[in-house]
Amino acid sequence: MEHEQAYPPPAAPSAYPPLATPLSVIGPQYCYPQPVDLAAVRKVLTITEGNFAVTDINGNIMFKIKGKFFSIHDRRLLTDAAGNPVCTLRPKIMTVHDRWQVFRGESTEEKDLIFTVKRSSMIQLKTKLHVFLATNPKEDVCDFRVEGSWLERSCIIYSGESNTILAQAGTY
């Protein structure tokens, strides 16, 4: 049975200290005054919508991913628990570094671009991604860095090229 959680989620104890300066990329309604432990949950392997959900530690659904893996447009829609569109993820065609673009709501128009993500190099043993906000069109230095491993089920998000951890998932 799926549980849907209203925002903000109930305060749950976390092992991580809060950030000194709050940071909002998608929108302030998804920011909380204290760290929140979340889990990405893969549903039964299917080629239909809704393969992934993000839950809190109590199993309440916070976000869902909608999209078909083998469709012509190959887009994903991130929705909140109530089904409201949060952002659209779309791969950029013909790129060397496997680049994705993320747009506000259900849009794919340049004016609604929030950020782009690309692999830091073409060949990788562990996932290393660079995230560039739309306000950083030169992309000289990434705004965020994501490093992780599917096999280890872990992920760390850093601020730019620094070692400042903004978020992490997995067992540490």
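Leaving aside neighbours within four places in sequence, which residues is Cys87 in contact with? In this predicted model, where residues are numbered from 1 along each chain as its sequence is written, local features need pLDDT of at least 70, side-chain atom pairs count only at pLDDT 80 or more, and totals for chains, interfaces and linings use all residues. Side-chain values use heavy atoms, with hydrogens and water left out.

With contact taken as heavy atoms within 4.5 Å, the partners of Cys87 are Ile26, Arg76, Leu77, Leu78, Val102, Phe103, Arg104, Gly105 and Ile114.

Cys87 also belongs to the largest nonpolar core, a group of 12 residues. Such a core is a set of buried Ala, Val, Leu, Ile, Met, Phe, Trp, Tyr and Cys residues joined through side-chain atoms within 4.5 Å, and buried here means under 20% relative accessible area with a 1.4 Å probe, protein chains only. The other members are Met62, Phe63, Leu78, Val86, Val102, Ile114, Phe115, Val117, Val131, Phe144 and Val146. Strands E4 (60–66), E6 (85–91), E8 (113–119) and E10 (144–149) each chip in at least two residues, and E8 gives the largest share, three. Domain 1 (36–83) and domain 2 (87–171), with bounds from an automatic or database domain assignment, each provide at least three residues of this core.

As for the protein chain as a whole, there are 12 strands and zero helices; these are DSSP runs numbered from the N terminus, with at least two residues for a strand (E) and at least four for a helix (H or I). Of its 172 residues, 31% count as buried. Among contacts between residues at least 6 apart in sequence, 19% join residues at least 24 apart.

How values were computed:
Buried means under 20% relative accessible area, exposed over 50%, partly exposed in between (1.4 Å probe, protein chains only).
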